[in-house]
Amino acid sequence: MSRLQIIVFAFSALFFTEGKAQTIRIGELNSYKVFPAFLEPYKKGMELAIEEINASGGVLGKKLELVTRDDGGNPGDAVRVAEELISREGAHVLMGTFASNVGLAVSNLAAQRKVLFLASEPLTDKMVWENGNRYTFRLRPSTYMQTAMLIPEAVKLKKKRWAIVYPNYEYGQSATASFKKLLKAAQPDVEFVTEQASPLGKIDAGAVVQALIDAKPDAIFSSLFAADLQKFVREGNTRGLFKSTPVFNLLAGEPEYLDTLKDETPDGWWVTGYPWNAINTPEHRKFRDAYQKRWKDYPRQGSVVGYSAVYTVANAIRKAGSTDTEKVVDALRGLEMTTPFGPIVWRPLDHQSTMGAYVGQLAKKAGQGVMVNWRFADGANFLPPFEEVRALRKE
Amino acid sequence: MLLSSVLIQFLNGLAGASSLFLVAAGLSLIFGVTRIVNFAHGSLYMLGMYLAVWLAERIGFWAAVPLAAITVGAIGALAEISLLRRIYKAPELLQLLATFALLLLVKDFALWAWGPEDLLGPRAPGFAGAVEIAGNAFPQYDLLLILLGPLVLVLLQLLLSRTRWGILVRAATEDREMAGALGVNQRWLFTGVFALGALLAGLGGALQIPREPANLNVDLSVISDAFVVVVIGGLGSIPGAFLAALLIAEAKAFCIGLGYSQATLVIEFVIMAAVLVARPWGLLGRMPVPARPGAAEPPLAPPSRRLRWTLAIVACGLALLPLGSGGYTLVLLTDLLIFALFAASLHFIMGPGGMYSFGHAAYFGLGAYAAGILLLREKFPMELALALAPFAAGLAALAFGWFCVRLSGVYSAMLTLAFAQIAWSAVFQWDALTGGSNGLVGVWPAPWLSSKPAYYFLTLLICASGIFLLWRAIYSPFGLALRATRDSPLRAEASGIDVRATQWAAFAIAGLAAGVAGALYAFSKGSISPEALGIQRSVDGLVMVMLGGIQTLSGPVWGAALFAWLQDAAARNIDYWRAATGFVILALALVLPNGIGSLLQAKK
């Protein structure tokens with residue numbers, strides 16, 4: 001063997017043992033530095049799933065490998081990072097993203113490059129409807145679905161005058177629009193007395209709370225989260241806004257946002273969320289025990305999303321029997337699987353999973369916020385009729 | 001609105017004004033004396049918040065507040081002595097680069113030290129409840145804040161007017177060189193002022209914790225508010241800062257109270273633009289002492305033989321690259337080329353023009369949006385959209401520039417920022433045209449340009465010609481006239497140069513070039529969203545120019561390449577990539593204060 005041949009051999013050994021042929025790669029990108037509170041538990045959930053899958057023999061006889069990248073929180077960088085995952089890292093599947101603009105940009109790139117993209121976090125309805133495409137799938141219940149889950153309780157109250165407060169960007173705007181539309185349909189005499197749009201992360205809580213008090217609403221619908229929610233809750237508690245006015249707040253029951261409220265937690269709010277220590281179904285118990293054993297910490301909403309997303313990829317590739325994108329796309333359409341929240345179906349119609357969420361009320365227990373009176377809302381029951389979805393997808 | 005609601009919203013405004021004033025006062029002091037554009041001021045505020053929450057659990061709220069403020073003051077002093085003091089002699093605005101690096105470091109430090117979750121602090125003992133005012137519950141703590149703001153104002157005024165130290169500070173604010181000539185030890189004066197400013201920022205943060213959780217996004221959101229307040233009030237004027245804080249906080253409270261809550265996105269920038277157009281030095285500011293002759297920059301040397309060769313080799317290398325490498329390298333290089341053109345366009349007005357722009361991303365973003373809108377809404381062919389889009393940016397630059405060239409120095413820079421923010425909010429709110437916060441998706445190049453090498457060649461061709469034309473312009477009669485207006489407006493005027501028209505034209509050219517970069521960017525990504533004209537992108541541009549060296553010809557191009565590559569490489573390999581980027585920038589600022597471009601300058 002000539003010297004040259006040895007070098008070539010050594011190099012190819014170096015590349016290929018490490019490399020692409022031996023593992024199935026999930027290229028994951030997310031805004032780890034912009035939304036760390038949600039995404040650190042999310043990453044732990046993904047890693048747990050990877051370890052479990054590989055311990056039980058991997059997928060199609062190969063190990064599953066996770067390559068994560070920070071997408072910088074903006075679409076421009078995210079698209080570059082996604083290109084890197086596809087062409088340099090040889091990712092078989094793209095996964096991740098948080099904010100809706102980043103998710104939509106990556107989804108569009110996936111359609112252009114014909115790569116499967118599993119949008120794990122973004123909530124925007126457009127992801128699978130107006131901007132839906134063959135290569136994009138979304139795991140979480142969307143803004144529309146979560147809003148719809150709160151509607152039955154909102155209708156039961158028979159309140160006439162509603163006030164709305166929301167963070168002024170896609171998520172808050174579409175939550176508000178869906179809420180108004182759905183409530184109006186169920187209760188035609190409803191009246192929306194004020195709408196407060198706050199810049200994301202910069203709510204002027206005192207002034208907003210006072211404006212809501214002045215509007216004299218019978219009930220309030222809010223889609224605030226994170227720092228905005230905490231400011232709103234504290235000001236509202238101090239100024240007595242919530243004393244006699246019921247509040248509905250998307251996402252406020254997720255541990256990421258609820259746990260920071262501690263003894264400020266407002267009693268009786270209707271929320272969507274994740275009562276992690278009270279769900280005792282076998283599949284959730286199994287997940288929670290494994291998570292707590294692995295990370296010495298309790299699972300958050302993000303943990304469930306990361307964990308289920310990785311399992312989705314594994315199941316789809318198993319079903320397809322190949323990593324070929326077109327085959328995996330076909331396998332994922334209509335795929336049925338279990339998650340810690342119970343069984344889900346990946347709808348062939350719009351590539352939305354039927355994963356649900358928990359709806360319940362907030363309460364304080366020993367200085368901590370918890371969810372009580374909760375029920376599980378199956379995502380399949382909170383989606384618009386097929387024809388409406390078809391019209392939105394322009395199919 | 002009921003009368004009682006008007007009263008309550010007025011009080012809400014007062015409480016908000018006090019919070020704003022506390023951060024802005026420190027920034028104003030620091031700028032007034034040291035002329036440092038302190039980007040890390042918001043980070044000091046954030047540190048104050050985190051420290052106060054952390055200390056309050058251990059020693060109680062009321063002990064935690066002063067202790068947190070003093071600690072942040074000490075950190076400020078340390079940063080000034082160990083870092084900023086070394087670069088006062090360097091080109092103006094290099095401090096901006098150093099404080100930007102500090103911002104990155106502090107952000108990752110806070111994440112590392114206190115974790116990712118927001119920390120909601122305790123209520124202030126003794127001020128936890130509400131009092132009844134006109135039938136409404138009003139937080140006691142807000143009443144306390146309403147008193148604290150003016151109290152700090154009075155104390156600062158006494159300090160500045162009644163103590164010897166204060167008199168020296170005012171002398172240095174008024175005329176730094178004269179104060180130095182009269183034997184005032186500037187070193188310790190600067191350290192003292194910086195420490196006091198940092199302490200005020202820390203105090204502002206600590207006092208905020210009963211109203212707002214300590215979180216990692218607060219640094220950037222506070223810094224832009226604080227800058228706006230300082231500029232509206234007049235740089236270096238403490239009462240001006242108070243007045244401006246009052247104006248902004250009341251405007252916000254009443255926007256919300258009257259049902260125009262969407263306006264809060266941009267109201268402070270609209271006010272800033274209006275104030276600056278009417279009063280070029282802010283409400284209570286005074287015309288700065290004009291720069292003395294002799295402060296002129298050395299003439300920009302024509303590119304040396306070495307530089308010409310380097311550029312020729314780099315260009316050839318870039319043109320041949322797709323032969324040997326495909327895939328991601330081309331994607332990354334496409335980004336680098338676009339940012340290089342963006343940085344070169346900013347350098348065109350900052351270097352030879354001496355006009356600072358803190359809002360250059362506006363033209364980048366408008367170019368990108370124009371491309372997207374022409375393609376998707378007007379159904380123009382991609383080639384035509386790409387060709388026409390930059391003119392939208394150029395027109396915007398023409399319109400905004402008319403106002404900006406009538407101001408000078410940092411005021412002009414802040415007016416560019418105000419216009420950029422107004423453009424940003426228009427794009428953000430105008431759903432029907434721009435797609436709102438989601439932006440536009442599906443902005444892809446025509447089929448013959450859609451392969452990576454093809455689009456790379458297109459970008460290389462356009463960016464290289466754009467940069468070449470900008471550089472040619474610097475050595476043309478127009479460029480020489482522009483440099484004259486920078487070095488001595490009076491002499492330039494006397495020798496028959498229309499100073500404002502020259503600057504205005506330069507502004508429009510720079511906007512046009514940034515628009516070209518933006519349009520290329522849109523098609524390379526397939527989508528465009530409001531971040532493209534956000535503050536972050538403007539700051540990135542400044543960092544690229546400063547890293548490369550503002551008074552070098554090719555520096556900004558190298559700066560852009562280095563910065564974009566650094567972010568890419570660091571984000572891929574290091575968890576704390578922001579801190580890593582910060583370290584590298586800091587090191588470069590200290591070792592190469594004139595920028596990496598100075599390495600290629602002709603040796604004298």
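This report describes the overall build of chain A and the way its two domains meet, based on a predicted model.

## Overall build

Chain A contains 13 helices and 14 strands. Its radius of gyration is 22 Å, and the globule rule gives 21 Å for 395 residues; the two values are close, so chain A is as compact as a globular protein of that length. The C-alpha trace spans about 85 × 50 × 35 Å along its principal axes.

Of the 395 residues in chain A, 57% count as buried. Among the contacts in chain A with a separation of 6 or more, 68% are between residues 24 or more positions apart in the chain.

## Two domains

Chain A is divided into two domains, each made of two stretches of the chain. Domain 1 takes in residues 3-142 and 281-345. Domain 2 takes in residues 144-278 and 357-386. The C-alpha centres of domain 1 and domain 2 of chain A lie 31 Å apart.

## Where the domains meet

How many residues of each domain take part in the contact? On the side of domain 1 of chain A there are 16 residues, and they are in contact with 14 residues of domain 2 of chain A.

On the domain 1 side, the elements that give two or more residues are α2 (36-55) and α11 (301-320) of chain A. The largest share comes from α11(A), which gives three residues. Sorted by class, the side of domain 1 of chain A that touches domain 2 has eight nonpolar, five polar and three charged residues.

Definitions and conventions. Residues numbered from 1 in each chain as written. Chains lettered and ligands numbered in written order. Predicted model: local features only at pLDDT ≥ 70, side-chain atom pairs only at ≥ 80, totals over all residues. Domains from an automatic or database assignment. Contact = placed C-beta atoms within 7 Å. Helix = DSSP H or I, 4+ residues; strand = E, 2+ residues; numbered from the N terminus. Nonpolar A, V, L, I, M, F, W, Y, C, P; charged D, E, K, R; others polar. Rg over C-alpha atoms; globule rule 2.2 N^0.38 Å. Buried ≥ 20, exposed ≤ 12 C-beta atoms within 10 Å, placed from the backbone.
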